[in-house]
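Good morning, and thank you for coming. Please have the sequence and the model open while I speak.

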Amino acid sequence: IADTLLQMDLVAGPMENLHPKNVALMMFNDHPERFFPYTQIDIVIFPKGKQQDPSNFIEVPPIKGPIDRMIMDAMSYLRTNIIKENVQKLSYTEKADRCFNYPEEAIEEAVSNTIYHRNYQTREPIEIVIEPDAIRIISYDGADRSVTMEDLRRGKTRPRRYRNRRIGDFLKELGLTEGKATGIPTIQEKLALNGSPAANFETDNERTYFMAIIPVHPQFKGHSITPNDIEDVIENVIDELPERQRVILDILKKDVIENASLLAKKTGVSWRTIMRDLNSLREKGLVKYVGPDKGGHWEIIEQ
């Protein structure tokens with residue numbers, strides 16, 4: 001194992017005291033957030049828009065794990081819940097006019113490049129904000145200063161420095177990025193082929209953040225995310241819960257539970273375990289505690 005890790009340049013130090021390099025902890029370890037806090041992707045959905053109705057939103061459980069799996073899991077979620085196809089049969093030809101609200105290839109390229117170029121010393125998650133008019137993918141810090149504002153406006157990038165070259169090497173081998181300064185042109189090309197408007201890219205002079213704005217296809221513009229879409233999101237969140245947490249939700253649907261000890265007896269686990277489960281469900285917006293500390297009860301958030 002040590003020889004393999006050395007050949008892959010994943011460890012350093014003398015043989016009697018090898019230690020993993022950062023890229024090994026990020027890509028070959030199930031919990032990179034233990035070493036690089038907030039190595040995760042947060043997805044938030046604003047059905048009517050963040051400015052129009054900021055209090056109406058859905059938070060998806062944070063996506064964590066090895067950074068290549070984070071890309072795949074985020075894309076799996078977006079592919080299942082967000083990306084939609086519109087097919088129109090044309091009277092003058094046998095072919096149908098097909099388009100997507102967001103072309104999958106453009107979104108994947110944007111997410112992969114965000115993972116590739118973010119600053120892992122900054123304790124902020126990657127954010128994917130979904131609104132009716134666009135998907136905004138935000139990372140911290142911003143792009144390296146070798147990428148100019150003019151480059152971003154033109155949608156083209158000249159040779160530049162890469163912040164995480166070793167991550168890029170592995171993502172390239174996995175087919176998740178090319179590492180040839182082609183990320184922004186690829187996004188624009190995939191959007192153009194889909195008939196979508198060009199993407200916009202934002203940063204500030206201090207390069208504290210970088211945001212890719214992927215606009216929705218004109219045929220889908222003005223369509224807010226429907227109640228059915230929201231129900232699908234909630235169902236998927238529940239399906240991904242651990243079995244014990246799903247059991248807790250079933251119990252709360254049927255009974256009034258005043259404290260965690262009652263749930264512990266019903267499920268056969270410790271009070272501390274139940275409290276961890278309840279706190280996790282509360283963070284996901286699925287349950288809440290109603291009333292005073294003594295005399296209150298846990299209940300499901302129906303809305």
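Which residues does Glu131 touch, if residues up to four places away in sequence are not counted? The model on the screen is a predicted one, and in it Glu131 touches Phe46, Gly49, Lys50, Gln51, Tyr102 and Arg136. Two of these neighbours deserve a closer look. The side chain of Glu131 reaches the backbone nitrogen of Lys50 at 2.6 Å. That side chain also makes a polar contact with the side chain of Arg136, at 3.1 Å. As for its position, Glu131 lies in the loop between β7 and β8, the latter being residues 134-139. Is Glu131 buried or exposed? Its relative accessibility is 10%, and because the cut-off for buried is under 20%, Glu131 counts as buried.

Let me move from that loop to the strands. Strand β7, residues 126-130, pairs with strand β3 in the parallel sense, over 5 bridges. Within this pairing, Val44 has Val129 of β7 as its bridge partner. Strand β3 also pairs with strand β4, residues 58-59, here in the antiparallel sense and over 2 bridges. In that second pairing, Ile45 stands opposite Ile58 of β4. How many of the residues of β3 are buried? The strand runs over residues 41-45, and 4 of its 5 residues are buried, which leaves it mostly covered. As a general reminder, the side chains of a regular strand alternate between the two faces of the sheet.

Next, helix α4, residues 104-117. What span should its 14 residues have, and what is found between the end C-alpha atoms? At 1.5 Å a residue the helix should span 20 Å, and its end C-alpha atoms are 20 Å apart, so the two values agree. Helix α4 is also mostly covered, with 11 of its 14 residues buried. The buried residues include Ala106, Ile107 and Glu109, and the stretch of Ala110, Val111, Ser112, Asn113, Thr114, Ile115, Tyr116 and His117 is buried as well. For those of you following the helix on the screen, an α-helix has 3.6 residues a turn, so residues three or four places apart point the same way.

I turn now to the aromatic residues. A search of the whole structure finds 4 aromatic pairs, and I shall describe two of them. The rings of Phe28 and Phe170 have centres 5.5 Å apart and planes at 75°, so this pair is edge-to-face. Phe28 lies in the loop between α2 (22-27) and β3, whereas Phe170 belongs to helix α6 (residues 165-173), so the pair ties together parts that are 142 residues apart in sequence. Phe170 has a relative accessibility of 11% and therefore counts as buried. The other pair is Tyr289 with Trp298: the ring centres are 5.3 Å apart and the planes are at 70°, so this pair too is edge-to-face. Tyr289 is partly exposed, with a relative accessible area of 24%, whereas Trp298 is buried, at 5%. There is also a charge over a ring to note: Arg118 lies over the face of Tyr120, at 4.6 Å from the ring centre.

Trp298 brings us to strand β12, residues 297-300, where Ile300 is found. Which residues does Ile300 touch, again not counting residues up to four places away in sequence? They are Leu249, Leu252, Lys253, Leu286 and Val287. Ile300 and Leu252 are 48 residues apart in sequence, yet their C-alpha atoms are 6.5 Å apart in space. With a relative accessibility of 16%, Ile300 counts as buried.

Finally, some points of backbone geometry. Where is there a cis peptide bond? One joins Tyr140 and Asp141, with omega at about -5°. Asp141 lies in the loop between β8 and α5 (149-154). Positive phi values occur in residues that are not glycine, including Asp9, where phi is near 60°. Asp9 lies in the loop between α1 (2-7) and β1 (11-12), and at 33% relative accessibility Asp9 counts as partly exposed. Tyr38 likewise has a positive phi, of about 65°, although it is not a glycine. Tyr38 lies in the loop between α2 and β3 and, at 44% relative accessibility, counts as partly exposed.

Thank you for your attention.

Definitions and conventions. Residues are numbered from 1 along each chain as its sequence is written. This is a predicted model: local features need pLDDT of at least 70, side-chain atom pairs count only at pLDDT 80 or more; totals for chains, interfaces and linings use all residues. Side-chain values use heavy atoms; hydrogens and water are left out. Buried means under 20% relative accessible area, exposed over 50%, partly exposed in between (1.4 Å probe, protein chains only). Helices (H or I, at least four residues) and strands (E, at least two) are DSSP runs, numbered from the N terminus. Two strands pair if DSSP finds at least two bridges between them. The expected span of a helix is 1.5 Å times one less than its number of residues. A polar contact is a pair of N or O atoms within 3.5 Å; within protein, one must be able to donate a hydrogen and the other to accept it, and residues adjacent in sequence count only if both atoms are side-chain atoms. Contact means heavy atoms within 4.5 Å. Rings of Phe, Tyr and Trp (its six-membered ring) pair if their centres lie within 6.5 Å; planes under 30 degrees apart count as stacked, over 60 as edge-to-face and the rest as tilted. A charge sits over a ring if NZ of Lys or CZ of Arg is within 6 Å of the ring centre and within 35 degrees of the ring normal.
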